[in-house]
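Hi,

Here is the structure I promised to pass on. Have a look, and my notes follow below.

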2 protein chains.
Amino acid sequence: MIADMSIDFQERADNLIRQTGERATSGRIRVLAMLLAEQRPVSHQEIEERLRGKSRLNRVTLYRILDWLNDKCLVHRIVSDDRVWRFRANNDLRTHRHAHFKCTRCTRVMCLDDMKAEYDRPLPAGYRPLEVELTVKGLCAECV
Amino acid sequence: MIADMSIDFQERADNLIRQTGERATSGRIRVLAMLLAEQRPVSHQEIEERLRGKSRLNRVTLYRILDWLNDKCLVHRIVSDDRVWRFRANNDLRTHRHAHFKCTRCTRVMCLDDMKAEYDRPLPAGYRPLEVELTVKGLCAECV
DNA sequence: GCTATCATTGCAACCAAGTTGCATTTACTA
DNA sequence: TAGTAAATGCAACTTGGTTGCAATGATAGC
């Protein structure tokens, strides 16, 4: 079962990457498959550890793969006050206009998929909004 | 006029720091006075440049002073996706439960004082919120 | 006002996350 | 199946921030 699932993610990743019209390299596929399987925001460091064992990806290459996946909207990037980026697969097209929760004890970040990142008051005159980030910080259920 | 104002900020900074009951050092006073005069979020680097000329503060000391001012709630710290902290004086006690705007072109950050950082949906069961961060990103009036 | 004391400062060295330039390898195209 | 541009790996670098420790300085007690 587990094995089947992993093959499935591999295949989905491969398809998604090919749909961009650019090269489907093994690195890109492995990283995206892993993120598809996780379904939560994962840091560069965690990904590196997770991928260890199999032919290891270079650190720089991993940064570049994550950038690329982000450019192609296959993943989204979440920033947090620990100055670390986390990445999460965009499984469908209702992408990332949602809020995030950051646990200040275990440092994990989760997507609050059904809480929209929005604001209600007008911006100062002349300002053009492009993106909104809403992060709730506190303790998650396991750390509380 | 300008000179008077600067003396005024110096004095206000001095008072605020003494009210904490801890030591009123020249570094703390200079940094807080500068922030009181600015009334906008300023990065460590900017502060360092601004304070250049007068007897220069050590880089590490400045980090420590900013941490200290933050601990004492005399300033608040704003995080942003460029992994740079910015600091703004808390002029009164209606402190920092407000949103921020980050210009993606000039990289400046401003406080949206009358936009509250809040959320409307419930968190997952067992989660305890402690703080909320809301950042609107886009182009400011000067960069649009 | 002077001195002792402990917090604060400065220095040097360090760390972690992320980036750049360039030579090598690899996925795709013809 | 070979040629080619794109992707990768490596080494070195940058930026923002931190740590340990010795030197300095603000304040309390006299």
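Four bridges join S2(A) to strand S3 (residues 86-89) of chain A, and the two run antiparallel. Strands here are DSSP runs of type E with at least two residues, helices are H or I runs of at least four, and both are numbered from the N terminus; two strands count as paired if DSSP finds at least two bridges between them. One of the matched positions is Ile78(A), whose bridge partner in S3(A) is Arg86(A). The full open sheet has three strands in the order S1-S3-S2 (chain A), with antiparallel pairing. Strand S1 (42-43) and strand S2 (75-78) of chain A sit at the edges with a single partner strand each, so one side of each has no neighbour in the sheet.

Before the rest, some housekeeping. This is a predicted model, so local features need pLDDT of at least 70 and side-chain atom pairs count only at pLDDT 80 or more, while totals for chains, interfaces and linings use all residues. Residues are numbered from 1 along each chain as its sequence is written, chains are lettered from A and ligands numbered from 1 in the order written, and side-chain values use heavy atoms, leaving out hydrogens and water.

Now the protein-protein side. Chain A and chain B each put 35 residues into the contact (heavy atoms within 4.5 Å). Together they bury about 3100 Å², 63% of it on carbon and sulfur atoms; buried area is the accessible area, with a 1.4 Å probe, that two parts lose on being put together, summed over both. Arg83(A), Tyr127(A) and Lys137(A) supply 20% of what chain A buries against chain B, more than any other three residues.

Lys137(A) also forms a salt bridge with Glu131(B), with the closest N and O atoms 3.9 Å apart. The count between the two chains is four salt bridges (a side-chain nitrogen of Lys or Arg within 4 Å of a carboxyl oxygen of Asp or Glu). On the side of chain A that touches chain B, strand S5 (109-116) and strand S6 (128-139) of chain A each give at least two residues, and S6(A) has the largest share, twelve residues. S6(A) also pairs with strand S6 (residues 128-139) of chain B, antiparallel over eleven bridges, and Leu134(A) stands opposite Leu134(B) there.

On to the DNA. Which residues are closest to DNA strand C? They are Ala24(A), Thr25(B), Arg28(B), Thr61(B) and Arg64(B), out of 21 that surround this strand (near means a heavy atom within 4 Å). Of the strand C atoms within 4 Å of the protein, 60% belong to sugar or phosphate and the rest to bases. A polar backbone atom of Ala24(A) is 2.8 Å from a phosphate oxygen of strand C, and a polar side-chain atom of Tyr63(A) lies 3.0 Å from a phosphate oxygen. Arg23(A) goes to a base instead: a side-chain N or O atom is 3.5 Å from a base nitrogen.

DNA strand D is also surrounded by 21 residues, the closest being Thr25(A), Arg28(A), Arg64(A), Arg23(B) and Arg59(B). Sugar and phosphate make up 58% of the strand D atoms that come within 4 Å of the protein. Polar backbone atoms of Ala24(B) and Trp85(B) lie 2.9 Å and 3.0 Å from phosphate oxygens of strand D, while a polar side-chain atom of Arg64(B) is 3.5 Å from a base oxygen.

Cheers

Methods: A polar contact is a pair of N or O atoms within 3.5 Å; within protein, one must be able to donate a hydrogen and the other to accept it, and residues adjacent in sequence count only if both atoms are side-chain atoms.
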